[in-house]
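Grab a coffee and work through these short exercises with the model open. Try each task before you read its solution.

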Amino acid sequence: MQTITLPRPDDWHLHLRDGAMLRAVLPESARHFARAIIMPNLVPPVVTLDDAQAYHQQIMAALPQGMDFEPLMTLYLTESTDPTDVERAAASGLVKAVKLYPAGATTNSHGGVRDLNMVMPVLETMARIGLPLCTHGEVTTPEVDIFDREAVFIDTVLDPLRRSLPELRVVMEHITTEEGVAYAAEGSDTLAATITTHHLIINRNHILAGGIKPHYYCLPVAKREKHRLALRRAATSGSPRYFLGTDSAPHVDALKEHACGCAGCFTATNTMSLLAHVFEEEGALDRLEGFASRHGPTFYGLPVNERTLTLEKRTEPCIWPEKIQADPGPVTVFNPGFPVHWHVVT
Ligand code: DOR
Ligand code: ZN
């Protein structure tokens with residue numbers, strides 16, 4: 001029997017939603033993770049410090065007794081975001097980042113940013129005070145192929161932005177391409193990238209070959225195999241530039257299995273077991289700790305968790321619920337399509 005013990009991991013990109021969905025999915029993250037960067041794309045979005053405080057309270061009220069979990073709040077950047085409010089939000093200690101959604105890029109992003117010039121005063125404030133910008137790194141131009149949107153974002157939006165504001169701390173969220181991996185590698189200490197669990201496991205064939213699999217559809221969409229392999233090399237490289245952000249994103253089955261299905265994979269339940277499997281396959285189990293527990297806190301300037309998480313490799317495979325039963329409807333748990341033997345034991 002093999003066992004590994006890590007400092008308690010954190011999830012540096014998580015969708016918890018609100019209301020009944022929040023109550024259903026929060027325990028799935030709080031069971032294994034000490035903290036998570038909470039995405040602000042609610043309806044309506046979390047735009048101001050007041051919104052973030054109210055959402056934080058709602059999350060804490062939904063946390064089951066006996067569970068310990070710290071939500072790290074973010075603000076949803078809009079073209080009318082007030083730099084003073086952002087500065088107050090950072091000073092409050094509650095808000096750890098601002099999220100840039102190019103308008104129209106993904107779920108509830110229509111209130112996002114169309115013209116980066118409109119938010120330069122906010123970004124300049126963030127650069128001055130060291131508050132990170134989390135980017136959904138895809139252009140939304142209809143002419144740009146959906147499989148190229150990340151690479152084009154890097155060239156036409158991210159790189160010019162970083163050249164004009166080199167002090168701005170940026171997290172390239174959920175990178176999915178070798179271009180994303182390479183750009184993060186070349187950057188300075190002000191740049192990092194998160195990688196999801198599912199992008200280490202699926203490529204676009206998993207979504208599209210042999211019938212369409214709506215539960216593998218997320219944004220940015222999984223790319224071809226060479227990109228998945230580049231992500232695996234990056235995640236298991238030991239480089240502090242890369243850390244875990246699951247992007248676990250619950251949608252009820254009725255909206256995933258739909259003529260116009262929602263984007264999102266729900267991986268909160270089984271991420272740590274899946275990651276142990278992936279890192280073992282890559283001969284890098286000793287590097288899981290950096291990816292899941294150390295590189296994120298280092299980038300965000302937070303302490304590594306004192307509590308631990310232990311995984312044990314057993315002969316019998318893990319059994320997870322196929323679905324989480326939320327009041328609004330069932331949410332399908334990400335199915336990797338292969339047996340996984342790494343059980344989270346404590
Ligand atoms: O797959 C995704 N789901 N990607 C996103 O960027 C948003 C997320 C969601 O909120 O459902
Ligand atoms: Zn997301």
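Below are three exercises, each with a worked solution.

This is a predicted model, where local features need pLDDT of at least 70, side-chain atom pairs count only at pLDDT 80 or more, and totals for chains, interfaces and linings use all residues. Residues are numbered from 1 along each chain as its sequence is written, chains are lettered from A and ligands numbered from 1 in the order in which they are written, and side-chain values use heavy atoms, with hydrogens and water left out.

**Exercise 1.** Work out which residues come nearest to ligand 1 and which polar contacts its oxygen atoms make.

*Solution.* Start with the shell: 13 residues surround ligand 1 (a heavy atom within 4 Å counts). R17, N41, L219, H251 and A263 come nearest. Next, sort that shell by type: four residues are nonpolar, seven polar and two charged (Ala, Val, Leu, Ile, Met, Phe, Trp, Tyr, Cys and Pro count as nonpolar, Asp, Glu, Lys and Arg as charged, the others, Gly among them, as polar).

Now look for polar contacts, meaning pairs of N or O atoms within 3.5 Å. The side chain of T107 puts an N or O atom 3.2 Å from a ligand 1 oxygen, and the side chain of H15 does so at 3.3 Å. G264 joins in through a backbone N or O atom, 3.3 Å from an oxygen of ligand 1. Finally, check burial: ligand 1 alone exposes 290 Å², and the protein buries 100% of that (Shrake-Rupley, 1.4 Å probe).

**Exercise 2.** Take the aromatic pair F243 and Y300 and find out what geometry it has and why it links distant parts of the sequence.

*Solution.* The whole structure has eight aromatic pairs (ring centres within 6.5 Å; planes under 30 degrees apart are stacked, over 60 edge-to-face, the rest tilted). For F243 and Y300, the centres are 6.4 Å apart and the planes 70 degrees, so call it edge-to-face. Then place the partners: F243 is in strand 9 (residues 242–244) and Y300 in helix 11 (residues 288–300), so the pair ties together parts 57 residues apart in sequence (DSSP runs: helices H or I, at least four residues; strands E, at least two).

**Exercise 3.** Find out which peptide bonds leading into P44 and P220 are cis, and where these prolines lie.

*Solution.* First, V43 to P44 is cis, omega near -5 degrees, and P44 lies in the loop between strand 3 (35–38) and helix 2 (49–62). Second, L219 to P220 is cis, with omega near -5 degrees; P220 lies in the loop between helix 7 (204–208) and helix 8 (225–235).

Technical notes. Polar contact = N/O pair within 3.5 Å; in protein donor to acceptor, adjacent residues only side chain to side chain. Phe/Tyr/Trp six-rings, centres within 6.5 Å; stacked < 30°, edge-to-face > 60°.
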